[in-house]
Amino acid sequence: MSFHNLGATEKLLLSCLRQGAPGDTAKRLKTLTTEQWTALLALATELMVRPLLGQRLLSAAFSIALPGDVKRIIVEEQRGLAIKNLRLHHDFRSVVLALQRHAIPIIVLKGFHLASLVYRDLSARATSDIDL
């Protein structure tokens, strides 16, 4: 499917997630109705990019365009996810140290690895387990 075949909500989500926030995206966000915000956040949830969308929306480029209620929801979600991932990171560290004490080599895979090394923000990617 090409970009031109996507609906307005899909195009807006892609614009928000794109590196380097285009000014017209922030302008578009300012015009969204409550229903359109709900649709945007629901699509991000469905596509499993809501934490990343939240991170982008709270950036300087977009935060000015957020209605107060949407901003509060996103801040709360990001804080909760960061706390959850910090706890998981603590467990991860304990397991890695125990394995290292016994000279057991490990490779970190998938979500947890991506959250800390690629996204560089524990609130930008949801993780529920540690894949070693």
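In this predicted model, Ala-103 counts as exposed, at 67% relative accessibility. The residue is found in the loop between α6 and α7, the latter spanning 110-118. Its phi is near 55°, a positive value in a residue other than glycine.

Met-48 can be described in the same terms. Met-48 lies in the loop between α3 and α4 and has a positive phi of about 60° although it is not a glycine. With a relative accessible area of 72%, Met-48 is exposed. The table sets out the two residues.

| Residue | Loop | Phi | Relative accessible area |
|---|---|---|---|
| Met-48 | between α3 and α4 | about 60° | 72% |
| Ala-103 | between α6 and α7 | near 55° | 67% |

The interior is the next topic. In soluble globular proteins, nonpolar side chains tend to be buried together. Here the largest nonpolar core has 20 residues. Those with the most contacts inside this core are Leu-13, Cys-16, Leu-29, Trp-37, Leu-40, Leu-53 and Leu-57. Two or more residues each come from α1 (8-17), α2 (23-30), α3 (34-46), α4 (50-57) and α6 (68-101). The element that gives the most is α3, with five residues.

Leu-13 is one of the core residues with the most contacts. Leaving aside neighbours within four places in sequence, Leu-13 is in contact with Leu-40, Leu-43, Ala-44, Leu-47, Val-49 and Leu-53.

Helix packing comes next. Two packed helices are described by the angle between their axes and the distance between the axes. For α1 and α3, the angle is about 70° and the axes are 10 Å apart. An angle of 65 to 115 degrees counts as roughly perpendicular, and α1 and α3 are therefore roughly perpendicular to each other. The crossing of α1 past α3 is right-handed. On the α1 side, Thr-9, Glu-10, Leu-12 and Leu-13 take part, and they meet Ala-39, Leu-40, Leu-43 and Ala-44 in α3. By class, this contact has six nonpolar, one polar and one charged residues.

Helix α1 also packs with α4. Their axes come within 9 Å and cross at roughly 65°, and α1 passes α4 in a left-handed crossing. From α1 the contact uses Leu-13, Cys-16 and Leu-17, and from α4 it uses Leu-52, Leu-53, Arg-56 and Leu-57. These residues divide into six nonpolar, no polar and one charged.

Leu-13 thus appears in the contact of α1 with α3 and in the contact of α1 with α4.

Terms used: Residues are numbered from 1 along each chain as its sequence is written. This is a predicted model: local features need pLDDT of at least 70, side-chain atom pairs count only at pLDDT 80 or more; totals for chains, interfaces and linings use all residues. Side-chain values use heavy atoms; hydrogens and water are left out. A nonpolar core is a set of buried Ala, Val, Leu, Ile, Met, Phe, Trp, Tyr and Cys residues joined through side-chain atoms within 4.5 Å. Buried means under 20% relative accessible area, exposed over 50%, partly exposed in between (1.4 Å probe, protein chains only). Helices (H or I, at least four residues) and strands (E, at least two) are DSSP runs, numbered from the N terminus. Contact means heavy atoms within 4.5 Å. Axes are lines fitted to C-alpha atoms, for helices over the stretch in contact, and angles run from 0 to 180 degrees between N-to-C directions. Angles under 35 degrees count as roughly parallel, over 145 as roughly antiparallel, 65 to 115 as roughly perpendicular and the rest as oblique. A crossing is left-handed if the near helix is turned anticlockwise from the far one by less than a right angle, and right-handed if clockwise. Ala, Val, Leu, Ile, Met, Phe, Trp, Tyr, Cys and Pro count as nonpolar, Asp, Glu, Lys and Arg as charged, and the others, Gly among them, as polar.
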